[in-house]
Amino acid sequence: MEKTDKKTDILRAAETLFAELGFEGTSTRQIAKESGANMAMINYYFGSKEGVFLEIMEDRICGFKSQLNQINDEQIPAKEKLLKVVEQYVTRIFSNITFHKMMHRELSLTQRPEMFGQIKDAMASNRMVIEKIIENGIAEGSFRNVDVRMSILTIMGTISMVAISPTKAEDNIDMNDEKQKEVLRKRLVAHLQDFIITHLTKPTK
């Protein structure tokens with residue numbers, strides 16, 4: 001139990017440091033100090049700083065994949081599934097915007113192609129679940145025959161843009177103020193759900 005808890009401590013400390021300092025600005029020595037672990041323990045569990053980062057990312061991506069699968073398995077219309085996806089994805093991003101910014105920055109770099117290739121593959125797997133929801137909606141006749149990939153990019157790109165540059169959505173917003181952040185989260189969810197309804201819903205004759 002103690003070893004499992006220490007592994008969790010390492011992951012939590014590393015995520016905080018990565019969010020504050022970035023991947024390059026964080027050292028394994030700092031992770032060890034903040035988690036109360038030693039260097040040997042970090043190497044034993046993760047092999048390297050890259051291994052720590054990769055496990056954090058995979059845990060986040062797999063966590064969202066689990067949510068996606070639960071939504072996809074529900075016996076509800078495709079539109080309702082997609083509305084739920086947006087609600088949950090925005091909420092996940094807004095729960096730790098700083099880390100999302102760091103992740104977005106790191107994934108845009110090409111310094112560690114093998115490591116980030118694994119992350120991108122996992123993210124692509126999540127995207128495929130969302131694509132399936134939209135494709136099923138089209139097949140059922142409830143969605144228009146839209147460009148599925150572009151529709152997903154519009155939704156996910158808007159979420160990332162607001163999370164990374166919130167002042168583009170609202171001037172002088174303080175994202176450290178939980179009330180202001182919650183107002184923006186609800187506004188973003190409402191906007192994207194409205195987009196889904198207007199963009200995807202097939203007109204009734």
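**Exercise 1. Burial and geometry of a ring pair**

Determine whether F64 and Y89 are buried or exposed in this predicted model, and classify the arrangement of the rings of F64 and Y89.

*Solution.*
Step 1. F64 and Y89 are both buried; the criterion is a relative accessible area under 20%.
Step 2. A pair of aromatic rings is described by the distance of the centres and the angle of the planes.
Step 3. For F64 and Y89 the centres are 5.0 Å apart and the planes stand at 40°, so the pair is tilted.
Step 4. F64 belongs to helix α4 and Y89 to helix α5, so this contact ties together parts of the chain 25 residues apart in sequence.

**Exercise 2. Aromatic contacts around F23**

State how many aromatic pairs a search of the whole structure finds, then describe the pair formed by F23 and F53.

*Solution.*
Step 1. The search yields six aromatic pairs.
Step 2. One of them joins F23 and F53, with 5.4 Å centre to centre and 80° between the planes. Planes over 60 degrees apart count as edge-to-face, and the pair is accordingly of that kind.
Step 3. F23 is located in the loop between α1 (2-21) and α2 (28-35), whereas F53 is in helix α4 (residues 49-73); the pair thus links distant parts of the chain, 30 residues apart.
Step 4. F23 and F53 are both buried.
Step 5. Together with F18, these two residues make up one aromatic cluster.
Step 6. The face of F23 also has K49 lying over it, at 4.4 Å from the ring centre.

**Exercise 3. The enclosed space**

Identify which residues line the largest cavity and which helices each supply at least two of them.

*Solution.*
Step 1. The structure contains one cavity of 30 Å³ or more, and the volume of the largest cavity is about 40 Å³.
Step 2. Its lining consists of L82, V85, V86, I130, I152, I155 and M156.
Step 3. At least two lining residues come from each of α5 (78-95) and α8 (148-164).
Step 4. By class, the lining comprises seven nonpolar residues, with no polar and no charged ones.

**Exercise 4. Two open pockets**

Describe the linings of the largest pocket and of the second largest pocket.

*Solution.*
Step 1. The largest pocket has a volume of about 760 Å³. Of its 26 lining residues, Y89, H100, M103, M123 and M156 lie nearest the centre.
Step 2. Two or more residues of this lining are given by each of α4, α5, α6 (97-107), α7 (113-140) and α8.
Step 3. The same lining divides into 14 nonpolar, seven polar and five charged residues.
Step 4. Two residues named above recur here: Y89 is buried and M156 also lines the largest cavity.
Step 5. The second largest pocket holds about 150 Å³ of space. Its lining is formed by S95, N96, I97, T98, K101, M175, N176 and K181, with α6 giving the most, three residues.
Step 6. In this second lining two residues are nonpolar, four polar and two charged.

**Exercise 5. An annotated span and a reference distance**

Where does UniProt place the feature "DNA-binding region", and how far apart in space are T91 and S48?

*Solution.*
Step 1. An unreviewed UniProt entry places the feature at residues 27-46.
Step 2. That span is 80% helix and 0% strand, and its end C-alpha atoms lie 14 Å apart.
Step 3. T91 is in helix α5 and is partly exposed, with a relative accessible area of 35%.
Step 4. T91 and S48 are separated by 43 residues in sequence and by 30 Å in space, C-alpha to C-alpha.

Technical notes: Residues numbered from 1 in each chain as written. Predicted model: local features only at pLDDT ≥ 70, side-chain atom pairs only at ≥ 80, totals over all residues. Heavy atoms only, no water. UniProt positions renumbered as here; feature names shortened; annotations may be inferred. Helix = DSSP H or I, 4+ residues; strand = E, 2+ residues; numbered from the N terminus. 1 Å grid on protein atoms, 1.4 Å probe; cavity = no way out; pocket = protein on both sides within 12 Å on 5 of 7 lines; lining within 4 Å. Points joined across faces, edges and corners; volume = space filled by probe spheres on them. Nonpolar A, V, L, I, M, F, W, Y, C, P; charged D, E, K, R; others polar. Phe/Tyr/Trp six-rings, centres within 6.5 Å; stacked < 30°, edge-to-face > 60°. Buried < 20%, exposed > 50% of the residue type's maximum accessible area, 1.4 Å probe, protein only. Lys NZ or Arg CZ within 6 Å of the ring centre and 35° of its normal.
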